[in-house]
Amino acid sequence: DLQQFIVDPELDPARVAKRERTSVAEVDDVVRNIVGMAAACDLRIVGWSYFDRDRMIEACPDLGHVIKARYVNALHIARPWRRTIYPSFKIEREDEHSPKHTLDQYAVLADYSHGFAFEDAEPAKWIRHVRKQLRATGGNYRRTTSQTKRDWHKLLDYNRHDLLALRGIVLKATRELELWHAYERTRFCADDGPRRVCFMAGSRSPRLQALLRRHGVTRWAFMTAWNSAWASQHLNGNAMRQVELIKIVEARGYEMLPGEAIGEDPVSTPAEGVLILGMGRREAVPLGERFEQLAILVGEDDGPANLVSCGGPGMD
């Protein structure tokens, strides 16, 4: 549910442009409403940086402790998400004086479909123009120029997409980081005849090193084709995807061992996987991307098992 409140009295007359979506209110009333909803439903209040938090506290100093306790700076989620899941995605400044970690760039990673709304956006300029015109017409929005009306509509649309993109970024970043951390706590096992070899991300396994020596290889990759979202739409979807993965690996001439990824939840079903002997990271990551994997495990010689991202810009 998205609501837009006009809290600047000078802009009140512009409400007539989109009555169905905008309301006029005192800023302290809006803040108290937001805080009350958050407390009643045990929700977070989310903004991009601490700017909004500080404005809320200025409006309602008596609620400062509650606002600080419930407020989340989305950048503290988005930045580690980008570094971990999308390390190749570069954040660029428009110029040396521009802020770097702007919401529009992270919206690309969140696959926000209306990113065009941020192109050439000048919200501060639009606000100044609408204010000036309303003063000139004595507060009569209908007497303002066509350009003024266009600027006001652009401002409302920009704000709407700004909020929706923020929501999309936080939801996707949180979900993918939780999945990444679940991978870090997962046991990956491969069956080499009667021997079962298990290891975890970041660990060194003497048994895995011995397995590599027995097969005469120095590199390996562990992956699965399982995808819960895809499988929910197709009967036996995971099994079909796993068969396809195995065929591709066989066609490339690699030896592989059957295995499974066992999560820390004892009631969850282990994901069927394969340990691919001799495949390096450069070939394994694109294969993981092909099967829509967030990450795969790779390693070399006696080094640790490395959890590596399969994410690229805008990739789910």
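Helices here are DSSP runs of H or I with at least four residues, numbered from the N terminus. The model is a predicted one, where local features need pLDDT of at least 70, side-chain atom pairs count only at pLDDT 80 or more, and totals for chains, interfaces and linings use all residues. Residues are numbered from 1 along each chain as its sequence is written, and side-chain values use heavy atoms, with hydrogens and water left out.

Let's start with salt bridges, meaning a side-chain nitrogen of Lys or Arg within 4 Å of a carboxyl oxygen of Asp or Glu. The whole structure has 19 of them; here are three.

| Pair | Closest N to O |
|---|---|
| Lys154 and Asp151 | 3.4 Å |
| Lys172 and Glu176 | 3.9 Å |
| Arg196 and Asp191 | 2.8 Å |

Lys154 and Asp151 sit three residues apart in helix α7 (residues 146-184), so about one helical turn separates them. Burial is by relative accessible area with a 1.4 Å probe, protein chains only: buried is under 20%, exposed over 50%, partly exposed in between. Lys154 is partly exposed at 37%, while Asp151 is buried at 6%. Lys172 and Glu176 are four residues apart in α7, again about one helical turn. Lys172 is buried at 4%, and Glu176 is buried at 4% too. As for the third pair, Arg196 is partly exposed at 33% and Asp191 is partly exposed at 24%. Elsewhere, Asp8, Glu10, Arg131 and Arg135 are linked in a salt-bridge network.

On to α10. Its buried residues are Gly237, Asn238, Arg241, Gln242, Leu245, Ile248 and Val249. Turned away from that buried side is a face with the exposed residues Met240, Lys247 and Ala251. After α10 comes Gly253, with a positive phi near 85 degrees.

Notes:
Helices (H or I, at least four residues) and strands (E, at least two) are DSSP runs, numbered from the N terminus.
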